[in-house]
Amino acid sequence: MSDEDHNLDASQSADRRILWLVLLINLGQCLAGVTVGLWASSTAVIGAALDNLADASVYGVSLYAVGRSATIKVRAARLSGWLLIGLGVLLFVEVLRRFFGGEAPIGPAMMAMAAVNAALNLVCLRLLKRHQGEDVNFKASAIFTSNDSIVNLAIVLSGALVLWLDSNLPDLILGLIVSAIAANGGREILSEAAEADERVPSE
């Protein structure tokens, strides 16, 4: 095996380790978020948990793409983008359902869950930033995790507003915002995939 092949194998092995770590972190966030979100009656926290599930799906797709051809990587990234757009649509429907009936969520639970998630998102971002290069699937993963960080900071603010107003409106409004962020993140990933596709040599 040449030094170049050895370095490539080592790089791919490191990529897989990073993706496995962030995948497991996001699965844990999803399970905790769904549990807390249902208990606290928070659309925003449930939305963040579903976002973590979509993230984990993207990391799984990215794991599949590591070491494969550029064409397969582009297809995997497109799947990631559509997954995120689908999440945005599902969350929008859930917000509409809760708008017509639902009690005020538990603000402190929202804030605590979001704070923990924000810290874990920073860990994921640091792991992903260890990877250098133009891999479209790592770009998709970074977009997902950056979106998560924004969402969780917003949930902390929403939890404070819920406590202050004793209303579920801040939670529902944030649910709509999370839906829009998810859909826009999917659009960005599809755009990155389209640009990467243009760089793939024609067969």
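Buried here means under 20% relative accessible area. With that cut-off in hand, here are the legends for a predicted model.

**View 1. The whole protein chain is built from six helices and zero strands.** Reading from the N terminus, the order of elements is α-α-α-α-α-α. Of the 203 residues in the protein chain, 46% are buried. The chain exposes about 10400 Å², and carbon and sulfur atoms supply 65% of that area. Contacts here often link distant parts of the sequence: among those with a separation of 6 or more, 84% join residues 24 or more positions apart.

**View 2. Confidence along the protein chain has a mean pLDDT of 77.** A pLDDT of 70 or more is reached by 81% of the residues. Residues 2-8 are a stretch to treat separately, with pLDDT below 50. Beyond near neighbours in sequence, residues 2-8 have one contact in the model.

**View 3. Helix 4 covers residues 107-129 and has the span expected for its length.** At 1.5 Å a residue, its 23 residues should span 33 Å, and the end C-alpha atoms are indeed 33 Å apart, so the two values agree. If you are wondering which residues of helix 4 are buried, look along the helix for Gly 107, Ala 109, Met 110, Met 113, Ala 114 and Asn 117. Further on, the buried residues are Ala 118, Asn 121, Cys 124, Leu 125, Leu 127 and Leu 128.

**View 4. Asn 52 sits in helix 2, which runs over residues 43-65.** Is Asn 52 buried or exposed? Its relative accessible area is 2%, which is under 20%, so Asn 52 counts as buried. Leaving out residues up to four places away in sequence, Asn 52 touches Asn 26, Gln 29, Cys 30, Asn 117 and Asp 148. One of these partners, Asn 117, also appears in View 3 as a buried residue of helix 4.

**View 5. Arg 78 belongs to helix 3, residues 70-99.** Arg 78 has a relative accessible area of 32%; partly exposed lies between the 20% and 50% limits, so that is the class Arg 78 falls into. Which residues does Arg 78 contact, leaving aside neighbours within four places in sequence? They are Leu 190, Ala 193, Ala 194 and Asp 197. For a sense of distance along the chain, pick out Glu 192 as well: Arg 78 and Glu 192 are 114 residues apart in sequence, yet their C-alpha atoms are 8.9 Å apart in space.

Conventions: Residues are numbered from 1 along each chain as its sequence is written. This is a predicted model: local features need pLDDT of at least 70, side-chain atom pairs count only at pLDDT 80 or more; totals for chains, interfaces and linings use all residues. Side-chain values use heavy atoms; hydrogens and water are left out. Helices (H or I, at least four residues) and strands (E, at least two) are DSSP runs, numbered from the N terminus. Buried means under 20% relative accessible area, exposed over 50%, partly exposed in between (1.4 Å probe, protein chains only). Contact means heavy atoms within 4.5 Å. pLDDT is the predictor's confidence in each residue, from 0 to 100. Accessible areas come from the Shrake-Rupley method with a 1.4 Å probe; for residues, only the protein chains shown count as cover. The expected span of a helix is 1.5 Å times one less than its number of residues.
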